[in-house]
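Me: I would like a close look at one part of this model, namely the sheet and what packs around it. Please describe it in a connected way.

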Amino acid sequence: MERDYAKEKEDWRRKTEILLNKYPERKKEFKTLSGIPIERVYYPDHMTDEYMEKLGFPGEWPYTRGIRPTMYRARYWTMRQYAGFGSAEETNKRFNYLLEQGQTGLSVAFDLPTQIGYDSDHPLSRGEVGKVGVAIDSLEDMETLFEGIPLHKVSTSMTINAPAAILLAMYLVVGEKQGLSFKELSGTIQNDILKEYIARGTYIYPPKPSMRLITDIFSFCAAEVPKWNTISISGYHIREAGSTAVQEVAFTLANGIAYVETAIKAGLHVDQFAPRLAFFFNAHNHFFEEIAKFRVARRIWAKIMKERFGAKKEESLQLRFHTQTGGSTLTAQQPENNIVRVTLQALAAVLGGTQSLHTNSMDEALSLPTEQSARVALRTQQIIAYESGVADTVDPLGGSYFLEALTDQMEREIIRYMEKIDSLGGAVAAIEQGYMQEEIHRVAYETQKKIEEGEMVIVGVNRFQVENENRPEILRVNDQVEKNQVERLRKLKERRNQGEVEKNLKRLKEAAQGDENLMPVILDCVRSYCTVGEMSGSLREVFGEYQG
């Protein structure tokens, strides 16, 4: 029976009009600066089965053209600048500054000791406290970090993996102390341990207990924190390690499959947790490849969830993602050039349909960003949103001969990689065999060789250099931060109820030895001001440490 495409178009239009009653568009009418009307979406006059199968309508299968029928015509993406350095007090000031400048979501960078489960007074923490992110040792620090920020009015993303359950619990208790229920809190924890083994290295425990912690978070949040994105399955760090765009998507989606399989084996139904899965991708320099990458990732994930896992909810099929511009593309030479790089990368993310975006600051190849450079990075997003017009129609490059051909070709290559990973036994087995790591190392080496030989041009680095260039002012974290943080921690340990701390840590070890959900136990530890290091240490005693 021949499909009636005119009827399908009309049905989609009517459904979208109904949706507008709940989520109205930003303007009654969208026009160019010359007064030419801009339609909500553009598609060919004569549709085909192939068009509908590969592209379809925005907000509908296979979501190539976006997960919402109106996309940015209703609401811009969340502008979520990544911030964190020094003490919780200093970072709180930066958060408030960015919110005053128009940022619409918070994103927390933690220091290295926090990321690997050590307190600031641990010998291995020396010289690292507060350097690449904010130092968080206990609930007291988390309370300071969000002081004066009503958590029910902002969404918060936390880049934390191995101790994700602990930092999430701290955030929830801060909300509790603000008089909020868990159900009012929204945000994301990265919580993606598999990519740590592949590309980043801030792991603590071996894969099996790490996966247990992740599924405990899935289960707990599905029941108690329904607006929380329980994982941000991250291709960003895979790309930063040197992968191609194809590898970034293939390895990230393979990791996503592993998380879904583990959660199902733990007894969760796919539609119970899949709507709160989120992804995190990089935006690199090849403008059209990046746009194609985002579009094809949605299409492939929809097919995986529907055909492989039998998901029924529409939200389970939709790949929602945050984007950060490419840190590894930034150069210490001529750092002002990075503003141009970041602009192109951010524009690609928007044209690809991202749900939230972080734009790197121009000085990040030299140091943590200054207030001024962070403001310029945020203004880059705001200019794209409010001045460029690219947010006024859905998927504006959809239908481009080049883009669609590139999208299809990337899909074939991504699926080829994913089939290889399946043949090795899935993502965890592939990681244990070193397959993904070796593939990334091979490509990274080839790329570096091209740069050194001048085949790949990096403006200001291997061509168009300048002599005696002036270096911008950079942000330095004072060494006094570490001393102050260690002293703050010492005072906390003196005044807290030590009997309550010991009781809760003992309970945590016992729970880890069994199979109960660890989140309620961790919450009790947090409420009694157990530290990140103490809780992580208790779990280390039971789970052991991963030796990469």
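Reply: The account below begins with the sheet as a whole, then turns to individual strands, one residue and the helices.

The model is a predicted one. Its open sheet is formed by 9 strands in the order 5-4-3-2-1-9-8-7-6, and the pairing is parallel. Strand 5 (228–229) and strand 6 (231–234) stand at the edges; each has a single partner strand, so one side of each lacks a neighbour in the sheet.

Two helices that touch the sheet may be placed next. Helix 3 (residues 88–100) packs on the sheet and touches strand 1 and strand 2 (105–109). The direction of helix 3 makes about 155 degrees with that of strand 1. Helix 15 (residues 371–387) lies across strand 1 and strand 9, and runs at about 165 degrees to strand 1.

Strand 8 (residues 321–325) deserves particular attention. Of its 5 residues, 5 are buried, so strand 8 is largely enclosed by the rest of the structure. In a regular strand, side chains alternate between the two faces of the sheet. In strand 8 both faces are covered, with Phe321, Thr323 and Thr325 buried on one side and His322 and Gln324 buried on the other.

The pairing of strand 8 can be followed to either neighbour. Strand 7 (residues 277–283) and strand 8 run parallel and are joined by 5 bridges. Within this pairing, Phe279 has Phe321 of strand 8 as its bridge partner, while Ala283 has Thr325 of strand 8. Strand 9 (residues 356–358) also runs parallel to strand 8, and 3 bridges join the two. There, Gln324 has His358 of strand 9 as its bridge partner.

Strand 6 is an edge strand with a single partner strand. Both of its faces are nevertheless covered: Ile231 and Ile233 are buried on one side, and Ser232 and Ser234 are buried on the other. Strand 6 pairs with strand 7 in the parallel sense over 4 bridges. In this pairing, Ser234 stands opposite Phe280 of strand 7.

Strand 1 (residues 78–83) contains Gln81. With a relative accessible area of 2%, Gln81 falls under the 20% limit and is therefore buried. The side chain of Gln81 makes a polar contact of 2.9 Å with the side chain of Gln381. Leaving aside residues up to four places away in sequence, the residues touched by Gln81 include Leu98, Gln103, Gly105, Ser107, His358, Ala374, Ala377 and Leu378.

Finally, helix 8 (residues 207–224) packs against two other helices. With helix 10 (residues 245–265), the packing angle is about 70 degrees and the axes are 10 Å apart. This makes helix 8 roughly perpendicular to helix 10. Helix 8 contributes Met211, Ile214, Thr215 and Phe218 to the contact, and helix 10 contributes Ala258, Tyr259, Thr262 and Ala263. By class, the residues of this contact are 6 nonpolar, 2 polar and no charged.

The axes of helix 8 and helix 21 (residues 519–527) come within 9 Å and cross at roughly 85 degrees. Helix 8 is thus roughly perpendicular to helix 21. In this contact, Asp216, Ile217 and Phe220 of helix 8 meet Met519, Pro520 and Leu523 of helix 21. The contact of helix 8 with helix 21 has 5 nonpolar, no polar and 1 charged residues.

Technical notes. Residues are numbered from 1 along each chain as its sequence is written. This is a predicted model: local features need pLDDT of at least 70, side-chain atom pairs count only at pLDDT 80 or more; totals for chains, interfaces and linings use all residues. Side-chain values use heavy atoms; hydrogens and water are left out. Axes are lines fitted to C-alpha atoms, for helices over the stretch in contact, and angles run from 0 to 180 degrees between N-to-C directions. Angles under 35 degrees count as roughly parallel, over 145 as roughly antiparallel, 65 to 115 as roughly perpendicular and the rest as oblique. Contact means heavy atoms within 4.5 Å. Ala, Val, Leu, Ile, Met, Phe, Trp, Tyr, Cys and Pro count as nonpolar, Asp, Glu, Lys and Arg as charged, and the others, Gly among them, as polar. Buried means under 20% relative accessible area, exposed over 50%, partly exposed in between (1.4 Å probe, protein chains only). A polar contact is a pair of N or O atoms within 3.5 Å; within protein, one must be able to donate a hydrogen and the other to accept it, and residues adjacent in sequence count only if both atoms are side-chain atoms. Two strands pair if DSSP finds at least two bridges between them.
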